[in-house]
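Hi,

Here is the structure for you to look over. Please open it alongside this note.

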Amino acid sequence: MRIAVAGSSGLIGAQLCRLARAAGHDVVPMSRTDGVDLLDADAVAGALEDVEAVVDVTRPTQMGLAAARDFFTTVARNLAAAGNRTGVRRTVVLSIVGVERGQDYDWYVATLAHEEATRIQAPGPRVLRSTQFHEFPGQVLERALTDSKEPGSVQIMDVPIQPVESIEVARALLDLATDPDAGDRQLAGPGVERLVGLVTDLVAHDGLDVDVLPGPAPVSMAGGSMLPDPGVITAGVDWHTWLQRRGRRD
């Protein structure tokens with residue numbers, strides 16, 4: 001198949017491109033790195049010629065509600081309009097497990113708008129809702145260190161999560177893009193963890209001189225909204241096994 005990957009230079013997009021090419025598909029990478037501005041409707045339309053499936057794993061650089069929602073909905077609109085004109089058969093969008101339960105958190109509000117815009121406008125919409133990736137605790141730590149008002153100390157939301165390997169997310173997206181009979185899906189890793197505990201373990205593993213303290217969280221997340229539904233498909237190794245394989249980061 002000829003598959004376009006919107007957000008091809010990111011964590012998931014880059015892995016998806018490699019998997020799709022290894023499986024013999026013709027991949028159209030779509031990101032500013034690849035010379036395609038997804039906010040430019042004409043640029044998007046030009047990239048989707050002869051494309052059969054689109055996978056949208058885009059992510060805005062700004063996490064504020066207004067900026068993130070505007071980015072997501074603009075990208076979804078551009079991909080949908082171009083896809084409908086050029087004959088795209090299916091559109092897969094990456095979303096988050098529990099997004100509809102976490103509407104007291106701005107990022108989830110913007111993400112749900114992304115998902116809904118795709119469902120309403122895009123040809124053949126399919127949604128993969130994934131739990132947080134194994135890389136998530138590191139990303140949270142990095143942001144917390146940047147925002148911390150006390151050097152050497154961070155507060156991390158004390159919430160339950162069930163993280164999954166990012167490569168498994170990429171595999172699931174490719175399956176949804178290529179299987180004519182596939183539908184919406186949830187994906188999670190094998191075990192429930194506490195985010196503050198994972199960040200604490202990450203700090204110890206990497207030998208960082210940082211005190212990790214439990215911090216406040218949105219009510220929905222503290223109550224378990226980030227966890228998947230019962231019977232969810234699970235894949236990949238647990239977070240601690242992944243960390244050992246990743247090795248220490250200096």
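Below is what turned up in the sheet and in the helices that pack on it.

One point first: this is a predicted model.

Sheet. It is open and built from 7 strands. The order is β2-β1-β3-β4-β5-β8-β11, with parallel pairing. The edge strands are β2 (26-30) and β11 (233-234). Each has a single partner strand, so one side of each is left without a neighbour in the sheet.

β4 and β5. Strand β4 covers residues 90-96 and strand β5 covers residues 125-130. They run parallel, joined by 6 bridges. Within this pair, V92 stands opposite R126 in β5.

Helices on the sheet. α4 packs on the sheet and touches β3 (53-56), β4 and β5. Its direction makes about 165° with that of β4. Helix α6 (residues 166-178) lies across β1 (2-6), β3, β4, β5 and β8 (185-188). α6 runs at about 150° to β4.

α3 against α4. How do these two helices meet? The axes of α3 (residues 65-86) and α4 (residues 106-121) come within 9 Å and cross at roughly 15°. An angle under 35 degrees counts as roughly parallel, so α3 is roughly parallel to α4. The crossing is right-handed.

Contact residues. From α3, the set includes L65, F72, A76 and N84. From α4, it includes W107, V109, H114 and Q121. By class, the α3 contact with α4 has 10 nonpolar, 6 polar and 3 charged residues. R69 and R77 in α3 and D106 in α4 are among the residues that meet there.

Best wishes

How values were computed: Residues are numbered from 1 along each chain as its sequence is written. This is a predicted model: local features need pLDDT of at least 70, side-chain atom pairs count only at pLDDT 80 or more; totals for chains, interfaces and linings use all residues. Side-chain values use heavy atoms; hydrogens and water are left out. Axes are lines fitted to C-alpha atoms, for helices over the stretch in contact, and angles run from 0 to 180 degrees between N-to-C directions. Helices (H or I, at least four residues) and strands (E, at least two) are DSSP runs, numbered from the N terminus. Angles under 35 degrees count as roughly parallel, over 145 as roughly antiparallel, 65 to 115 as roughly perpendicular and the rest as oblique. A crossing is left-handed if the near helix is turned anticlockwise from the far one by less than a right angle, and right-handed if clockwise. Contact means heavy atoms within 4.5 Å. Ala, Val, Leu, Ile, Met, Phe, Trp, Tyr, Cys and Pro count as nonpolar, Asp, Glu, Lys and Arg as charged, and the others, Gly among them, as polar. Two strands pair if DSSP finds at least two bridges between them.
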